Amino acid sequence: MEDITYACPRQKFMEDPGIQWREGKPDFTQVNKAYLEGRTRIHKEGSLEKIVEDLVKSWEMEASHKTNTEDWQSVDTEAFTIRANNQRSFCLKELIEEGNYNALMQNQPLYNCNTHSFQTSHDSFRSAFNQGFPWELMEVFSGPPRVAFSWRHWAHWTGPYKERAPTGELLEMYGMAVAEVDENLKIKSIDVHYDPNQLLMKLEGRSVEYQQQEGRR
């Protein structure tokens with residue numbers, strides 16, 4: 001029987017009682033269940049793939065739930081930057097204020113980050129994916145200090161998105177990233193490349209033709 005303790009991603013840096021949580025200490029029981037049921041890769045304990053997957057999940061936890069830069073331990077808090085698809089870079093304080101969705105979906109035709117706060121952006125997707133929105137590492141192509149890897153994000157659309165009723169279907173999104181880390185595996189920068197319309201077109205009820213039209217503008 002598989003040991004779920006080791007099979008699930010490990011979100012580290014959660015046990016300090018002084019952490020300032022955005023909405024209380026998070027519970028990953030539900031999303032871990034969805035991860036185990038939907039993953040396509042099983043990485044060997046101690047492998048580079050498992051180490052990188054756990055690091056990214058720890059970063060994702062901090063980005064979604066920690067409001068004080070001093071509580072972050074997955075990144076070099078002074079050097080850290082993140083950007084997606086060669087758009088603008090966000091430093092750590094900006095990421096905490098704006099949130100992952102706003103930082104990673106700049107200049108998208110189906111998502112206007114200028115109309116969303118951290119809270120409204122996260123509420124929209126938490127509503128649509130109320131059974132969890134798991135993430136898995138697919139492959140690692142290079143090791144530290146510049147770690148290049150591919151990833152998959154997925155969820156069943158089980159809750160309302162804006163005013164659109166859920167369909168229950170499985171929605172998937174694939175991408176690549178390069179993370180620069182220091183000698184202690186603290187992240188200095190993340191450069192993400194992906195197409196968020198893989199997900200947004202389904203949620204918005206848009207067709208492939210719509211995306212092609214937008215691409216020609």
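The following exercises, each with a worked solution, concern a predicted model of a protein structure.

**Exercise 1. The sheet**

Determine the order in which the strands form the sheet, and identify its edge strands.

Solution.
Step 1. The open sheet is formed by six strands, and their order is E2-E1-E6-E5-E4-E3. The pairing in this sheet is mixed.
Step 2. An edge strand pairs on one side only, and this applies to strand E2 (90-91) and strand E3 (135-142).

**Exercise 2. The pairing of strand E4**

Describe how E4 is joined to E3 and to E5, and state how many of the residues of E4 are buried.

Solution.
Step 1. Consider E3 and E4. These strands run antiparallel and are joined by six bridges. Three residues lie between them, and the two strands form a hairpin. Within this pairing, Trp135 has His153 of E4 as its bridge partner.
Step 2. Consider E4 and E5. Strand E4 (residues 146-156) and strand E5 (residues 170-181) also run antiparallel, and eleven bridges join them. Val147 has Ala179 of E5 as its bridge partner, while Arg152 stands opposite Tyr174 in E5.
Step 3. Consider the covering of E4. Of its eleven residues, nine are buried, and the strand is thus described as mostly covered.

**Exercise 3. Helix H2 and its two faces**

Locate helix H2 with respect to the sheet, and explain why its buried residues line one face of the helix.

Solution.
Step 1. Helix H2 (residues 29-38) packs on the sheet, where it touches E3 and E4. The direction of H2 makes about 100° with that of E4.
Step 2. The buried residues of H2 are Val31, Asn32, Ala34 and Tyr35. Because these residues fall within an arc of 160° when H2 is seen down its axis, they line one face of the helix.
Step 3. Turned away from this buried side is a face that carries the exposed residues Thr29, Lys33 and Glu37.

**Exercise 4. The packing of H3 and H6**

Classify the arrangement of helices H3 and H6, and sort the residues of their contact by character.

Solution.
Step 1. Helix H3 (residues 48-65) and helix H6 (residues 118-128) have axes 11 Å apart and pack at an angle of about 120°. The two helices are therefore oblique to each other.
Step 2. On the side of H3 the contact is made by Ala63, Ser64 and His65, and on the side of H6 by Phe118, His122 and Arg126.
Step 3. The residues of this contact comprise two nonpolar, three polar and one charged.

**Exercise 5. Asn100 and Thr77**

For Asn100 and for Thr77, decide whether the residue is buried, partly exposed or exposed, and name its contacts beyond four places in sequence.

Solution.
Step 1. Asn100 lies in helix H5 (residues 100-104). Its relative accessible area is 9%. Buried means under 20%, so Asn100 is buried.
Step 2. Not counting residues up to four places away in sequence, Asn100 touches Trp59, Ala63, Ser64, Leu95 and His122. Among them, Ala63, Ser64 and His122 also take part in the contact of H3 with H6.
Step 3. Thr77 is found in the loop between H3 and strand E1 (81-84). With a relative accessible area of 31%, Thr77 is partly exposed.
Step 4. Apart from neighbours within four places in sequence, Thr77 is in contact with Thr69, Trp72 and Leu92. From C-alpha to C-alpha, Thr77 and Cys91 are 8.7 Å apart in space, although 14 residues apart in sequence.

Terms used:
Residues are numbered from 1 along each chain as its sequence is written. This is a predicted model: local features need pLDDT of at least 70, side-chain atom pairs count only at pLDDT 80 or more; totals for chains, interfaces and linings use all residues. Side-chain values use heavy atoms; hydrogens and water are left out. Axes are lines fitted to C-alpha atoms, for helices over the stretch in contact, and angles run from 0 to 180 degrees between N-to-C directions. Helices (H or I, at least four residues) and strands (E, at least two) are DSSP runs, numbered from the N terminus. Angles under 35 degrees count as roughly parallel, over 145 as roughly antiparallel, 65 to 115 as roughly perpendicular and the rest as oblique. Contact means heavy atoms within 4.5 Å. Ala, Val, Leu, Ile, Met, Phe, Trp, Tyr, Cys and Pro count as nonpolar, Asp, Glu, Lys and Arg as charged, and the others, Gly among them, as polar. Two strands pair if DSSP finds at least two bridges between them. Buried means under 20% relative accessible area, exposed over 50%, partly exposed in between (1.4 Å probe, protein chains only). The arc is that of the directions from the helix axis to the C-beta atoms.
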